[in-house]
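Q: I'd like a close look at one part of this model, with the rest of the chain filled in afterwards. Could you keep it simple for a first-year student?

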Amino acid sequence: MKKISSKKNLILSDSTNNYRLLKKYMHHKDKYHLIVETQDEDVNNCIKAINIDNLTERNKFIYETICDVLDKKWNHNLPCEFCHNRCIASRNKYMDKEFDGCCYSFKRKRFGKVKKQKCIHLKDDKTCDTKNISCKLFTCNYLKKNHLFSTSYDNYLLLKLFFNKKEKLILKYNFFKTEEEVLAKLNKKSIKPYVLYLLCFDFLIEK
Ligand code: SF4
Ligand code: SF4
């Protein structure tokens with residue numbers, strides 16, 4: 001006799017609240033059967049991630065997938081309009097550094113002074129030698145103010161579904177660090193309450 005599945009169907013489509021449905025599926029995989037009726041890349045990446053049981057591997061998959069998605073978005077739009085190594089914000093006198101866009105890190109000097117220096121990951125050919133998700137999620141005020149481009153953490157189901165508030169801070173604010181450094185930070189759990197974690201800047205790789 002044919003065995004009847006006791007699992008309920010969960011249908012993901014372009015008109016359903018896929019965040020809510022995926023959350024349900026993620027926590028009770030044994031109770032639901034997933035039917036995917038959407039081509040949405042974000043939804044499909046979430047399903048791939050749900051099927052990776054090892055947390056370290058899953059974090060790496062999500063990190064690299066989002067970096068690729070963001071690279072495609074930046075490269076497709078090219079909002080910075082570099083010309084002779086000066087970006088649109090620099091050409092409109094919106095920033096103090098003339099060249100190399102916003103690839104400058106901050107070095108804290110004595111008496112609390114902060115010095116800007118070229119990011120160590122910026123190569124001579126003006127590409128980056130690592131994948132830094134915070135840099136890719138960042139849009140400067142010039143682009144935002146002029147409605148030229150924007151990237152937002154909350155636009156990605158893959159990030160919203162898997163990471164909590166502390167992890168969101170890690171992913172958003174660790175500029176100038178390598179992929180390995182950010183992932184190592186992400187994989188290390190903190191038991192500190194969120195407010196303390198935030199106030200102590202514990203989400204930063206180096207204080
Ligand atoms: S994000 Fe803004 S500041 Fe950075 S390179 Fe682009 S236009 Fe320049
Ligand atoms: S890590 Fe960020 S700031 Fe540094 S070169 Fe890469 S994109 Fe630019």
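Which residues are around ligand 1?

A: Before we dive in, a word on the ground rules: this is a predicted model, where local features need pLDDT of at least 70 and side-chain atom pairs count only at pLDDT 80 or more, while totals for chains, interfaces and linings use all residues. Residues are numbered from 1 along each chain as its sequence is written, and chains are lettered from A and ligands numbered from 1 in the order in which they are written.

Now for your ligand. Around ligand 1 you'll find Cys 80, Cys 87, Ile 88, Ala 89, Met 95, Gly 101, Cys 102, Cys 140, Tyr 142 and Leu 143. A residue gets on that list if its C-beta atom, placed from the backbone, lies within 6 Å of the ligand. Sorted by class, this shell has nine nonpolar residues, one polar residue and no charged ones. (Ala, Val, Leu, Ile, Met, Phe, Trp, Tyr, Cys and Pro count as nonpolar, Asp, Glu, Lys and Arg as charged, and the others, Gly among them, as polar.) Helix H4 and helix H6 (141–145) each supply at least two residues of the shell. Helices (H or I, at least four residues) and strands (E, at least two) are DSSP runs, numbered from the N terminus.

Some of those names come back when you look at cores. Cys 80, Cys 87, Ala 89 and Tyr 142 surround ligand 1, and the largest nonpolar core is somewhere else: among its 18 residues, Cys 46, Ile 66, Ile 133, Leu 158, Leu 159, Ile 170 and Val 182 touch the most other members. Apart from it lies another core, of five residues, and this is the one that includes Cys 80, Cys 87, Ala 89 and Tyr 142. A nonpolar core here is a set of buried Ala, Val, Leu, Ile, Met, Phe, Trp, Tyr and Cys residues joined through C-beta atoms within 7 Å. Buried takes 20 or more other C-beta atoms within 10 Å of a residue's own, exposed takes 12 or fewer, and partly exposed is in between, with C-beta atoms placed from the backbone.

Tyr 94 links up with this part too. Tyr 94 sits in the loop between helix H4 (88–91) and strand E3 (104–108). Skipping neighbours within four places in sequence, Tyr 94 is in contact with Ala 89 and Tyr 142, where contact means C-beta atoms, placed from the backbone, within 7 Å. Why does Tyr 94 count as partly exposed? Because it has 15 other C-beta atoms within 10 Å. Glu 181 is another story: Tyr 94 and Glu 181 are 87 residues apart in sequence and 31 Å apart in space, C-alpha to C-alpha.

Look at the loop between H3 and H4 and you'll meet His 84. Its phi is near 50°, a positive value in a residue other than glycine. His 84 is exposed, because just 6 other C-beta atoms lie within 10 Å.

On the other side of that Tyr 94 loop is E3. E3 and E4 run antiparallel and are joined by five bridges; strands pair if DSSP finds at least two bridges between them. Lys 107 has Lys 115 in E4 as its bridge partner. E4 (residues 114–118) is hardly covered, with zero buried residues among its five. Between E4 and H5 there's a loop that holds Lys 126, whose phi is near 70°, again positive in a residue other than glycine. Lys 126 counts as exposed because 12 other C-beta atoms lie within 10 Å.

There's also a second ligand to look at. Ligand 2 is surrounded by Cys 103, Cys 119, His 121, Leu 122, Cys 128, Thr 130, Asn 132, Cys 135, Phe 175 and Phe 176. That shell has seven nonpolar, three polar and no charged residues.

Finally, step back and take in the whole chain. The chain has 10 helices and four strands, and its C-alpha trace spans about 75 × 40 × 30 Å along the principal axes. Of its 207 residues, 17% are buried. Strands E1 (residues 8–12) and E2 (residues 32–36) pair in the parallel sense over five bridges, with Ile 35 in E2 as the bridge partner of Ile 11.

Definitions and conventions: Two residues are in contact if their C-beta atoms, placed from the backbone, lie within 7 Å.
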